[in-house]
Amino acid sequence: MIDLSSPATKKNILRKQALAKRAAMGELERIEKSLALADHAGTLPIPAGAIVSGFWPIRDEIDPRPLLDSLRRKGHPLCLPVVADPHLVFRTLEPGAELVDAGFGTVAPGPAAATVLPRVLLMPLAGFDDAGNRIGYGKGHYDTAITALEKTGPLLCIGLAFAAQEVDRVPTEAHDKPLDGILTELGYRAFG
């Protein structure tokens, strides 16, 4: 029997609703809104020269690649996550790098690329609320990576999503890590 009052069940319901809103958007609308992220690159509170982790979009996610290119041109080294045990690892992304399967349906630079510790995570998500709580895809990859990276120094966690993915309230659990901010096609919002 499913416990409808549990945070995990509530998150699953909200995840499905937020992903359905995202999936209902047309391809051209998703492209235009993804391009708008780059227009807001200058509003992100990223320290000069900080290593930034992006992600390679899957399915109908917002596409961070124009934003990443803008950040690269501003002098930020880039990396992409790779699903590994016990948590994500981050490999340097250089222009023209050969990309390989990185788990979870995404791609990243291959094992020959340097592994780095990003100071900024630009994170995909299923949904978010106005307090900076996020709903991921349910695997916990980013929660464990954030815990590990926080032990190495300051970390800025920014979600990237379409504004339509905002939900009223995300139920939280002890392992959940809130966002410092969210960037949508409408601009950057800081939390906390």
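Guide: Buried means under 20% relative accessible area. A salt bridge is a side-chain nitrogen of Lys or Arg within 4 Å of a carboxyl oxygen of Asp or Glu. The model discussed here is predicted.

Visitor: Which side chain of opposite charge is nearest to Arg-30?
Guide: Arg-30 lies in helix H2, residues 27–39. Beyond its neighbours within four places in sequence, Arg-30 is in contact with residues including Arg-22, Met-25 and Phe-162. Arg-30 is buried and has no salt bridge. At 4.8 Å, the nearest side chain of opposite charge is that of Asp-60.

Visitor: How many salt bridges does the structure hold?
Guide: Side chains of opposite charge can pair when their charged atoms come close. One such pair is Arg-65 with Asp-63, whose closest N and O atoms are 2.7 Å apart. In that pair Arg-65 is partly exposed at 35% relative accessibility, whereas Asp-63 is buried at 18%. The number of salt bridges in the structure is 11.

Visitor: Is Lys-11 buried or exposed?
Guide: Lys-11 forms a salt bridge with Glu-173, with 2.9 Å between the closest N and O atoms. Glu-173 has 27% relative accessibility and counts as partly exposed. Lys-11 has a relative accessibility of 6%, and the cut-off is under 20%. Lys-11 therefore counts as buried.

Visitor: How many residues apart in sequence are Asp-176 and Lys-11?
Guide: The side chains of Asp-176 and Lys-11 meet in a salt bridge of 2.7 Å, N to O. Asp-176 is in the loop between S10 and S11 and Lys-11 is in helix H1, so the pair ties together parts whose separation in sequence is 165 residues.

Visitor: Which residues are linked with Lys-11 in a network of salt bridges?
Guide: Lys-11 pairs with Glu-173 and also with Asp-176. Asp-176 is buried, with a relative accessible area of 17%. The network of salt bridges thus joins Lys-11 to Glu-173 and Asp-176.

Visitor: Which are the edge strands of the open sheet?
Guide: The open sheet has 8 strands with mixed pairing, in the order S6-S3-S2-S1-S7-S10-S11-S12. An edge strand here pairs on one side only. The edge strands are S6 (115–116) and S12 (187–190).

Visitor: What is the bridge partner of Leu-122 in S10?
Guide: Strand S7, residues 120–123, runs parallel to strand S10, residues 156–160, and 4 bridges join them. In S10, the residue bridged to Leu-122 is Ile-158.

Visitor: At what angle to S7 does helix H3 run?
Guide: Helix H3, residues 65–73, lies across several strands, among them S1 (52–53), S2 (78–82) and S7. Leu-122 is in contact with Leu-67, Leu-68 and Leu-71, among others. The angle between H3 and S7 is about 160°.

Visitor: Which residues have the most contacts inside the largest nonpolar core?
Guide: In soluble globular proteins, nonpolar side chains tend to be buried together. The largest nonpolar core here has 44 residues, and the elements giving two or more residues to this core include H3, S7, S10 and helix H4 (141–150). The residues with the most contacts inside the core are Leu-67, Leu-121, Leu-122 and Leu-160.

Visitor: How many residues are in the other core?
Guide: This core lies apart from the largest one. Ala-18, Ala-126, Ile-135 and Val-170 are among its members. The number of residues in it is 7.

Technical notes:
Residues numbered from 1 in each chain as written. Predicted model: local features only at pLDDT ≥ 70, side-chain atom pairs only at ≥ 80, totals over all residues. Heavy atoms only, no water. Pairing = 2+ DSSP bridges. Helix = DSSP H or I, 4+ residues; strand = E, 2+ residues; numbered from the N terminus. Contact = heavy atoms within 4.5 Å. Axes fitted to C-alpha atoms, helices over the stretch in contact; angles between N-to-C directions. Core = buried A, V, L, I, M, F, W, Y, C linked by side-chain atoms within 4.5 Å. Buried < 20%, exposed > 50% of the residue type's maximum accessible area, 1.4 Å probe, protein only. Lys, Arg positive; Asp, Glu negative; His and termini not counted.
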